Amino acid sequence: MPARLWEPVQLSVAGVWSVFYDANLPDLRVLAIAGALALFLGAGIALVERRVATIYRRSPPHVRTRPLAPRVIMEATRGVFAGPVTITVLIPAHNEQATLPGTLASLMQQSRRPDRIIVVADNCTDRTVEFAHAAGVEVHETVGNTEKKGGALNQVLRVLLPGQKDNDVVMVMDADTTLDQGFLDAAENSFEWDRALMAVGGLFYGEEGHGLIGQFQRNEYVRYSREIARRRGRVFVLTGTASIFRPVALRAIAAARGRQIPGRTGDVYDTAALTEDNELTIALKSLGGLMISPPGCTVVTELMPSWRTLWQQRLRWQRGALENLGAYGVTPQTIRYWAQQLGIGYSVIGLSTYLLLIIVMLVSMDSWVWFPFWLGVGVIFAVERVVTVWKGGWRARLLALTVFPELFFDLVLDVVFVKGILDITRGRRATWTHLARTETPETAGRS
């Protein structure tokens with residue numbers, strides 16, 4: 001018999017359940033079996049991930065040269081003054097008349113204003129181009145583009161990049177994003193301080209509204225930003241909401257496509273990728289590029305207003321991440337991303353099994369046995385959930401404290417993960433959806 005810390009205590013909850021507090025220490029044999037089962041399931045997930053990887057094209061197993069490595073860049077630029085930092089902003093926009101004015105306003109209100117703003121109007125059928133001209137910014141209308149956001153950006157970058165010097169940085173931001181006032185100032189300081197820095201990414205937070213589903217997403221984004229801050233700005237993904245690049249980095253990527261990294265030679269963005277920002281991050285890292293997300297570079301981005309749109313967005317993200325990893329294979333630059341996918345796969349099994357056992361116990365038992373050891377683990381988990389969203393305000397803290405609603409949200413994301421793997425293994429074609437926004441009072445007044 002395992003050692004006891006104290007005798008069990010019985011209580012009644014609402015006259016329905018008899019609850020026992022039992023302090024039995026976990027049996028070592030049970031823990032060993034659980035650990036072995038976890039390893040077995042983890043190995044199964046790894047085999048599935050490998051199957052997914054083999055379906056998609058791969059880059060060469062080793063990138064022989066890393067032209068963007070800090071040592072290479074520092075040597076090439078030693079004693080060379082490339083001029084002051086200038087910032088050109090590219091805003092890809094497909095029917096964004098509802099959100100574009102707010103995005104442009106946030107750029108005009110920057111403490112360090114951009115030197116040039118170009119709205120990349122891609123097959124627009126609304127008044128996006130008209131609103132951009134009215135705001136006094138440049139407009140580049142795509143010609144015959146059928147490759148979504150990546151294709152639109154490739155068109156304008158082919159024209160723009162040849163005339164950019166090393167310090168003439170290029171920012172790409174979504175048309176539904178607003179920058180905090182000091183974003184460009186913080187980014188400029190980062191590029192001036194470190195000439196080996198190839199890219200600066202934004203830390204994104206969710207917009208207000210959209211009820212409970214909006215709060216789920218805001219909590220998720222707050223936790224991500226906190227994790228990046230703890231990593232001292234080292235990024236996982238250069239977010240498409242707002243990221244800034246040195247021209248030398250974008251030119252190196254375009255030159256390496258089709259040889260060292262996936263894609264067509266001459267394209268900055270791989271138009272075969274569902275998640276172009278994730279793919280571009282891996283491309284930069286594969287070529288040795290240094291990138292950070294400084295604490296002063298924060299943005300507010302749109303949230304998905306319904307479970308349907310959230311499902312579509314996350315399925316695209318998940319499939320895109322898996323396909324990108326399959327394209328690059330296992331390299332020193334992708335190891336961390338593979339580990340993250342394996343962790344998600346294991347969480348699918350762990351979380352779903354946990355919730356299923358809770359439901360089975362509630363339905364089939366008239367007594368509920370609590371073990372102080374596991375209660376302590378649960379308390380630590382709940383505290384961690386609250387602490388990690390503390391900056392999100394009282395609503396974020398309250399939602400985190402309840403624990404189970406967020407576990408349900410995590411379960412939904414796990415189902416998305418499984419759906420993404422199934423779609424890939426069955427060869428189903430992925431789709432890219434656009435969230436149509438209704439007009440705001442500001443834009444409606446211009447009609």
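# A walk through the predicted model

Asn123 is partly exposed, with a relative accessible area of 38%, and it makes a convenient place to begin reading this structure, which is a predicted model. The residue lies in the loop that runs between strand β4 (116–121) and helix α4 (128–134). Its phi angle is near 55 degrees, a positive value in a residue other than glycine. A second residue of this kind is His210, where phi is near 75 degrees, again positive and again in a residue that is not glycine. His210 sits in the loop between β9 (203–206) and α7 (211–230), and it counts as partly exposed because its relative accessible area is 28%, a value that falls between the limits of 20% for buried and 50% for exposed.

From these loops the reader can turn to the interior. How many cavities of 30 Å³ or more does the structure hold? There is 1 cavity of that size, and about 70 Å³ of space lies in the largest cavity. Rolling a probe the size of a water molecule over the atoms shows where empty space is left. The residues that line the largest cavity are Lys149, Val172, Leu238, Thr239, Gly240, Ser243, Phe245, Tyr269, Glu276, Asp277 and Leu280. Two elements, β10 (242–245) and α9 (276–286), give two or more residues to this lining, and the largest share, 3 residues, comes from α9. In character the lining is mixed, since its residues divide into 5 nonpolar, 3 polar and 3 charged, with Tyr counted as nonpolar and Gly as polar.

Helix α9 deserves a closer look after its part in the cavity lining. It is mostly covered, with 9 of its 11 residues buried, and the buried residues are Glu276, Asn278, Glu279, Leu280, Thr281, Ile282, Ala283, Leu284 and Ser286. Two of these, Glu276 and Leu280, are also named in the lining of the largest cavity. Just after α9, Gly288 takes a positive phi of about 90 degrees. On the other side of the helix in sequence, Arg257 lies in the loop between α8 (247–256) and α9. Is Arg257 buried or exposed? At 0% relative accessibility Arg257 counts as buried, because the limit for that class is under 20%. Arg257 and Tyr269 stand 12 residues apart in sequence, while their C-alpha atoms are 9.2 Å apart in space, and Tyr269 is itself one of the residues lining the largest cavity.

Charged side chains offer another way to follow the fold. Side chains of opposite charge can pair when their charged atoms come close, and in this model the count comes to 18 salt bridges. One of them joins the side chains of Arg127 and Glu130, at 2.6 Å from N to O; Arg127 is partly exposed, with a relative accessible area of 23%, and Glu130 is partly exposed as well, with 43%. Another joins Arg251 and Asp166, at 4.0 Å from N to O. Because Arg251 lies in helix α8 and Asp166 in the loop between α5 (148–160) and β6 (168–173), this pair ties together parts that are 85 residues apart in sequence. Both partners are partly exposed, Arg251 at 32% relative accessibility and Asp166 at 31%.

A further salt bridge is found between the side chains of Glu406 and Arg385, at 3.3 Å from N to O. Glu406 lies in helix α14 (residues 404–425) and Arg385 in helix α12 (residues 372–388), so the pair ties together parts that are 21 residues apart in sequence. Here both partners are buried, Glu406 with a relative accessible area of 2% and Arg385 at 12%. Beyond such pairs, salt bridges that share partners join Glu147, Arg158, Arg264 and Asp267 into one network.

The walk ends back at the surface, with a group of nonpolar side chains. Ile359, Leu362 and Val363 form a nonpolar patch there, with about 290 Å² of accessible area together. Of these residues, Leu362 is found in helix α11 (residues 335–364), and at 35% relative accessibility Leu362 counts as partly exposed.

Terms used: Residues numbered from 1 in each chain as written. Predicted model: local features only at pLDDT ≥ 70, side-chain atom pairs only at ≥ 80, totals over all residues. Heavy atoms only, no water. 1 Å grid on protein atoms, 1.4 Å probe; cavity = no way out; pocket = protein on both sides within 12 Å on 5 of 7 lines; lining within 4 Å. Points joined across faces, edges and corners; volume = space filled by probe spheres on them. Helix = DSSP H or I, 4+ residues; strand = E, 2+ residues; numbered from the N terminus. Patch = residues over 30% accessible without salt bridge, like charges linked within 9 Å, V, L, I, M, F, W, Y side chains within 5 Å. Areas by Shrake-Rupley, 256 points an atom, 1.4 Å probe, with all protein chains shown as cover. Buried < 20%, exposed > 50% of the residue type's maximum accessible area, 1.4 Å probe, protein only.
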